[in-house]
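The following exercises are to be worked with the sequence and coordinates at hand. Each task is followed by a solution in steps.

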Amino acid sequence: MKLTLWTYEGPPHVGAMRVAASLTDVHYVLHAPQGDTYADLLFTMIERTTQRPPVTYTTFQARDLGGDTAELFKDSVRSTYERFKPAAMLVGASCTAELIQDDPGGLARALGLPIPVIPLELPSYQRKENWGASETFYQLVRGLCAPRPTTRMTKVGQPTCNILGPTSLGFRHRDDVGEIRRLLESAGATVNVVAPLGASAADIARLPDADFNVVLYPETGLQAAQWLHRTFGQPFTRTVPIGLGATDAFLAEVATLTGKAVEPTAAGSRASWYARSVDSTYLTGKRVFIFGDATHAIAAARIATRELGFSVVGLGTYAREFAREVRTAAGDLGLEALITDDYLEVEAKITELQPELVLGTQMERHVAKRLGIPCAVISAPIHVQDFPARYSPQAGLEGANVIFDTWVHPLMMGLEEHLLGMFREDFEFADGARPSHLPAAPATKPIAAGPAPAARPSAPITVHWTDIAEKELQKVPFFVRGKARRNTETFAKERGLETITIETLYDAKAHFAR
């Protein structure tokens, strides 16, 4: 462990809290000192949940270390069951309590509670938050899904599936679930259970009843899906449907699992047309740096290169468990992946590459703002503004539209600022100029003029345009055509050219673009 100002992931017990907070009737008893209760604020202040997470802390203090902290833990477990009456209970220790070695799992089992008690052994000094969430969900599925005959493989009825991986504090998980549920229903599949987000202990026990599993977020759902495949023979999807191409590939994979034909989705997406519209001339080839969790970083790289025509100049992740997948994606782009959980290394890389757009976490947003680079958030960790009240998925068809707007608007605003800066000295755009859409100002109240520019010696040369150069000038948008004409004529006079050809026009453009 190390001291840092920012961190991409918390300790693994925070991942366990995310899973517990996602479920409706499961409680988590955490053996932890008083200071570790800070994690509640992640849910109530950042995600803005209406109630605090279902977590009870033993909250031992320094004076308790000289006594029986094990008995303190057992008292907490008993009182939690009596007060909340959960259908199942998770028990574990925080990074601080782990050093006491009180064995929360053994202590809880000794109480003989009439509900399933799932012990969590989360090595706080070797692993981090996403691994903790994955391990917690996996242990929960193992503990509640007892081997039994199932009613799967219904060849004549509607195929059923589970959606695995969405959790509390996830980046747009709530909205992604709604989008993917509709997508699956359009493909002829019925959703059996969404877990852990919004599921009960009884829902977890019903997971084996589905025909297949959709792994929406591998960071939290893949391990459980692999166990369900080994134990119950349930196949699971490998494609995460973020982006138009991935959504079509996902539907093709679902069609293979269900045996039902599915129509491609791209034809119904506004993002597909927008990416080919006139605005795309401002976007093609934009240099982009991408950093985040593995799922969203890989998806962003694919969308940027294959769907929007961007040039990815950097790709990385803080999720070491999925470093191989990110390295493969970076290798396909001719890049070396940046695998680090040190935000200072990421900042140094962004500074070195000087991209035109940064796609990252809230940390990269702060870095990009400091460097004056447009940025869009694509991955956790995120802050309160990334839990919008509106419907704003990242996955599926509508997710592709949201992504297009989120990524492109910072670039378009950057173009607008560039144009404002370019015209700032023009007389019609001067600070004191009256807006062009309003009537002319009365003669009695003239607009104050700025200081007169220094006198220039009059040009001894009168220039004229060739017909071809004049025709090429007409292709310049009307709102910059006048400036292009003046700049080109100034360029020609300074070089003693009497005739402006098409070559002179482009030489002037290159000169003033520097």
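**Exercise 1. Bridge partners of one residue**

Identify the bridge partner of L164 in β7, and then the one in β6.

Solution. The model used throughout is a predicted one.
Step 1. On the β7 side, L164 is bridged to V215.
Step 2. In β6, the partner of L164 is A195.
Step 3. These bridges belong to longer ladders: strand β5 (residues 160–164) is joined to β7 by four bridges, and the two strands run parallel. With β6, β5 pairs over five bridges, also in the parallel sense.

**Exercise 2. The sheet around β5**

Determine the strand order of the open sheet that contains β5, and state which strands lie at its edges.

Solution.
Step 1. The sheet consists of three strands in the order β6-β5-β7, with parallel pairing.
Step 2. β6 (190–195) and β7 (212–215) each pair on one side only and are therefore the edge strands.
Step 3. From one strand to the next, the twist averages 25°.
Step 4. For the connection, follow the chain through helix α6 (residues 173–186): together with β5 and β6 this helix makes a β-α-β unit, which is right-handed.

**Exercise 3. Enclosure of β5**

Decide which residues of β5 lie on each of its two sides, and explain why the strand counts as largely enclosed.

Solution.
Step 1. In a regular strand, side chains alternate between the two faces of the sheet.
Step 2. In β5, T160, N162 and L164 fall on one side, while C161 and I163 fall on the other.
Step 3. Residues on both sides are buried, and both faces of the strand are covered. The criterion is a relative accessible area under 20%.
Step 4. Since five of the five residues of β5 are buried, the strand is largely enclosed by the rest of the structure.

**Exercise 4. Strand β8 and its partners**

Describe the pairing of β8 with β9 and with β11, and assess how far β8 is enclosed.

Solution.
Step 1. Five of the six residues of strand β8 (residues 287–292) are buried, so the rest of the structure largely encloses this strand.
Step 2. With strand β9 (residues 311–317), β8 forms six bridges in the parallel sense; among the bridged residues, G292 has T317 as its partner in β9.
Step 3. Between these two strands the chain passes through α11, and this β-α-β crossover is right-handed.
Step 4. With strand β11 (residues 357–360), β8 pairs over three bridges, again parallel. Here I290 is bridged to L359 of β11.

**Exercise 5. The nonpolar cores**

Find which residues touch the most other members of the largest nonpolar core, and which helix gives the most to this core.

Solution.
Step 1. The largest nonpolar core has 50 residues, and L184, I290, F310, L315, L359 and W407 touch the most other members.
Step 2. Helix α11 (residues 294–306) gives the most to this core, namely seven residues.
Step 3. Consider L359 in detail. Leaving aside neighbours within four places in sequence, its contacts are V288, F289, I290, F291, A300, A376, I378 and W407.
Step 4. A further core of 47 residues lies apart from this one; A88, F137, A201 and F232 are among its members.

**Exercise 6. The protein as a whole**

State what share of the residues is buried and what share of the contacts is long in sequence separation.

Solution.
Step 1. The protein has 18 helices and 14 strands, and 49% of its 514 residues are buried.
Step 2. Of the contacts with a separation of 6 or more, 71% join residues 24 or more positions apart.
Step 3. The accessible surface comes to about 25,600 Å², and carbon and sulfur atoms account for 55% of that.

Note on methods. Residues numbered from 1 in each chain as written. Predicted model: local features only at pLDDT ≥ 70, side-chain atom pairs only at ≥ 80, totals over all residues. Heavy atoms only, no water. Buried < 20%, exposed > 50% of the residue type's maximum accessible area, 1.4 Å probe, protein only. Contact = heavy atoms within 4.5 Å. Areas by Shrake-Rupley, 256 points an atom, 1.4 Å probe, with all protein chains shown as cover. Core = buried A, V, L, I, M, F, W, Y, C linked by side-chain atoms within 4.5 Å. Right-handed = clockwise from strand over helix to strand, strands pointing away. Axes fitted to C-alpha atoms, helices over the stretch in contact; angles between N-to-C directions.
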